[in-house]
Amino acid sequence: MILEVLQDAHLAWGDAPLLDNVNLTIEEGQRIGLIGRNGTGKSTLLKVLAGVEKLDGGSRNVAKGLKAIYVEQDPVYPPALTIYDSLLLRGKISEIHDEVERWEVISKLNEYIHLFGLNPNSTVESASGGEKKKGALALAFALQPQLLLLDEPTNHLDIDAIFKLEELILTNFRKDRTLVTITHDRSFLNKVAQQIFELDRGMLRVYPGNFEEYEKRKVEELYAENKARAQFDKFWAQEEVWIRKGIEARRTRNEGRVRRLEQLRREREARRDRIGNVKLALDAGEKSGKLVAELESVSLKFGDRTLIKDLNLRLMRGDKLGLIGPNGVGKSSLIKIILGQLQPTSGSVRLGTNLEVAYFDQLRTELNPEKTLVETVSPGSDWVETNGIKKHVIGYLGDFLFPPHRANVKVSSLSGGEKNRLLLAKLFAKPANLLVMDEPTNDLDIESLEMLEETLSNYKGTVILVSHDQTFMDNVASFVVAPDSKGVWTSYVGGYDEWLKHRKPDTEEVQKKEPASKPQVERNKSNRPVRLSYKEKQELEQLPLEIEKLEAEQEQLLTDMSSGSEKRGPEFFEQTNKRMNEIASLLEQKYERWEQLDQKAQVSKS
């Protein structure tokens with residue numbers, strides 16, 4: 001069933017088209033990830049689909065009686081005594097006339113509020129960005145829409161909340177419910193998206209599969225586009241610089257950066273062993289400035305609550321330390337202890353010498369909205385010096401994806417992602433040997449994330465990083481520390497992946513997430529495995545051929561959509577999208593059936 005159709009959709013801000021004759025079909029059962037650079041119009045497109053924003057041209061057709069819910073980046077809460085009361089008003093739950101339906105929504109809302117660990121009696125004024133996001137998501141799922149539109153749903157959420165959100169999506173959005181989400185979280189995209197819609201310079205391109213599959217195809221596509229545009233005018237030449245940077249970043253990310261991280265992690269592992277064995281000798285032989293901070297038996301308590309218990313931690317020059325765990329476990333307090341800004345309840349802290357700290361504040365309080373980009377990054381000078389190399393401020397801003405014609409615009413005119421990039425440019429323009437990064441990934445597009453990953457990987461100083469973005473942390477951190485519920489912090493060489501492999505969850509969590517038992521092969525009354533029938537054997541032999549045929553058709557359709565797309569009409573895209581969805585569904589069914597039959601065949605042999 002088709003839920004929404006955009007035909008020849010056009011929308012512009014000034015002279016720049018955000019949507020340039022876009023044709024788009026949204027159908028039941030799709031899980032779509034909408035990506036693109038900051039400022040390309042992703043949020044605007046989502047608002048169009050939600051009916052909040054109107055098109056300048058073209059048409060939007062919606063299925064009769066469509067129930068769509070839109071959750072914005074920063075959810076707006078109506079005035080009320082508590083978050084719970086405000087959510088009831090936001091969802092207009094009192095206006096649901098059917099009493100059974102109304103109480104079902106309220107029951108679901110209570111369930112999801114509890115699932116996200118949100119205090120329903122807290123006030124809206126005291127709620128953090130993460131708490132407001134959790135409440136809005138709980139309400140959205142409780143209302144059980146046919147079409148759910150999420151704008152950056154993982155922003156401000158801690159890792160456990162992100163996992164719960166992923167689980168809710170995968171459980172609830174299948175055949176008859178549809179999701180369209182804007183997100184920069186690549187791990188989240190890989191888990192929930194079945195299709196990627198990319199908005200790029202007013203054009204919308206469709207790619208089957210998750211973000212990893214999109215990325216493989218996009219590298220090839222951008223390389224071909226780069227060649228085709230080699231003879232365009234200066235504007236396009238400038239655009240090609242960004243395109244080439246994107247290609248090079250993707251090609252080198254799994255080469256140079258990974259090699260550097262592996263070396264850092266090997267050094268970290270070796271050093272940890274040496275410190276454990278001959279600690280005093282190493283302490284005596286260290287050069288000034290090599291030690292950043294050393295914590296011995298550090299504990300921190302607030303009232304009856306223990307945030308940190310007997311922590312031993314040594315941070316050396318060049319380390320890239322990641323702090324992970326849910327909101328409120330004490331990550332900010334630990335940073336303050338490491339920087340000497342907070343005294344622990346017990347234990348000792350030794351700080352290194354000559355520390356120059358640059359702090360990335362996720363609230364961006366260091367940015368003056370009335371100053372220009374140039375004034376912000378390099379006040380009173382046309383040059384920026386980093387690592388002993390002088391660079392003109394215009395070129396330096398270009399490294400952070402700000403083109404020359406925007407160098408003198410005011411900070412107030414920037415989007416959230418652009419402000420984050422500017423704050424990074426401001427920080428990196430100062431000499432600093434210790435970077436503290438508090439949620440630097442919020443609002444950044446994927447290209448900017450990759451740029452930041454590369455910058456931090458090449459950085460010679462020390463990094464302390466707080467982020468709930470799994471992929472980002474895995475690509476940057478040489479080791480992470482994370483607490484359990486009793487305040488015991490444990491070190492893991494690597495990033496989120498290593499923590500998830502080795503962490504010991506609380507007993508309650510283990511019971512909640514007890515893995516489902518594997519499907520049992522059907523057995524007869526004598527308890528012998530049922531053998532494959534003749535028809536099942538035939539089916540098992542044919543399935544790989546059928547899967548291969550469907551995948552070949554999928555590849556061909558993708559090629560057809562990518563080549564000569566400007567000459568295609570809306571009917572072509574509608575029919576092709578429909579067939580792509582059919583193929584995706586068929587492949588899922590056939591893979592599942594193949595696994596069932598193959599498992600049955602293996603058990604029959606035993």
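## Helix α1 and its sheet

Helix α1 lies across strands β1, β2 and β4, and runs at about 135° to β1. In this predicted model, the three strands beneath that description make an open sheet in the order β2-β1-β4, with antiparallel pairing. The edges are β2 (16-27) and β4 (57-62), each of which pairs on one side only. From one strand to the next, the twist averages 15°.

To find your way around this sheet, try the pairing of β1 (residues 2-13) with β4, which is antiparallel and spans five bridges. Which residue of β4 is the bridge partner of E4? That partner is V62.

## R37, just ahead of α1

Moving along the chain, R37 sits in the loop between β3 (31-35) and α1 (42-50). Is R37 buried or exposed? Its relative accessibility is 27%, so R37 counts as partly exposed; the partly exposed class begins at 20% and ends at 50%.

R37 also has a partner from far along the sequence to look at. The C-alpha atoms of R37 and L444 are 8.4 Å apart in space, although 407 residues separate the two in sequence.

## The chain as a whole

Stepping back, the chain holds 18 helices and 20 strands. Of its 606 residues, 48% count as buried.

How much of the contact pattern comes from residues 24 or more positions apart? Among contacts in the chain with a separation of 6 or more, such pairs account for 69%.

## A second open sheet, with α9 packed on it

Another three-stranded open sheet has the order β11-β10-β13, again with antiparallel pairing. Here β11 (305-316) and β13 (346-351) are the edge strands, each pairing on one side only. Neighbouring strands in this sheet are turned by 15° against each other on average, direction ignored.

Strand β10 (residues 291-302) and β11 run antiparallel and are joined by eight bridges. If you would like a residue pair to click on, L295 has L313 in β11 as its bridge partner. Helix α9 (residues 331-338) packs on this sheet and touches β10, β11 and β13. The direction of α9 makes about 130° with that of β10.

## Strand β18, covered on both faces

Strand β18 (residues 462-466) is mostly covered, with five of its five residues buried. Which residues lie on each side of β18? T462, I464 and V466 are on one side, V463 and L465 are on the other, and all of them are buried.

In general, the strands of a sheet pair through backbone hydrogen bonds, either parallel or antiparallel. For β18, the pairing with β12 (residues 320-323) is parallel and runs over four bridges; within it, L323 is matched with V466 as its bridge partner. Strand β17 (residues 434-438) also pairs with β18 in the parallel sense, over five bridges. There, the bridge partner of L434 is T462.

## Two helix pairs to compare by eye

Two packed helices are described by the angle between their axes and the distance between the axes. For α2 (residues 83-90) and α3 (residues 99-115), the axes come within 12 Å and cross at roughly 135°. The two helices are therefore oblique to each other, as the oblique class covers angles over 115 and up to 145 degrees. Their crossing is right-handed. On the α2 side, the contact is made by Y84, L87 and L88, and on the α3 side by I106, L109, N110 and I113. Six of these residues are nonpolar, one is polar and none is charged.

The other pair is α12 (residues 416-428) and α13 (residues 446-458), whose axes also come within 12 Å but cross at roughly 15°. Why does α12 count as roughly parallel to α13? Angles under 35 degrees fall into that class, and this crossing therefore makes α12 roughly parallel to α13. The crossing of α12 and α13 is left-handed. R421, L424 and F428 of α12 meet S448, M451, L452, T455 and L456 of α13. By class, this contact has five nonpolar, two polar and one charged residues.

Definitions and conventions
Residues numbered from 1 in each chain as written. Predicted model: local features only at pLDDT ≥ 70, side-chain atom pairs only at ≥ 80, totals over all residues. Heavy atoms only, no water. Buried < 20%, exposed > 50% of the residue type's maximum accessible area, 1.4 Å probe, protein only. Axes fitted to C-alpha atoms, helices over the stretch in contact; angles between N-to-C directions. Parallel < 35°, antiparallel > 145°, perpendicular 65-115°, else oblique. Left-handed = near helix turned anticlockwise from the far one by under 90°. Contact = heavy atoms within 4.5 Å. Nonpolar A, V, L, I, M, F, W, Y, C, P; charged D, E, K, R; others polar. Pairing = 2+ DSSP bridges.
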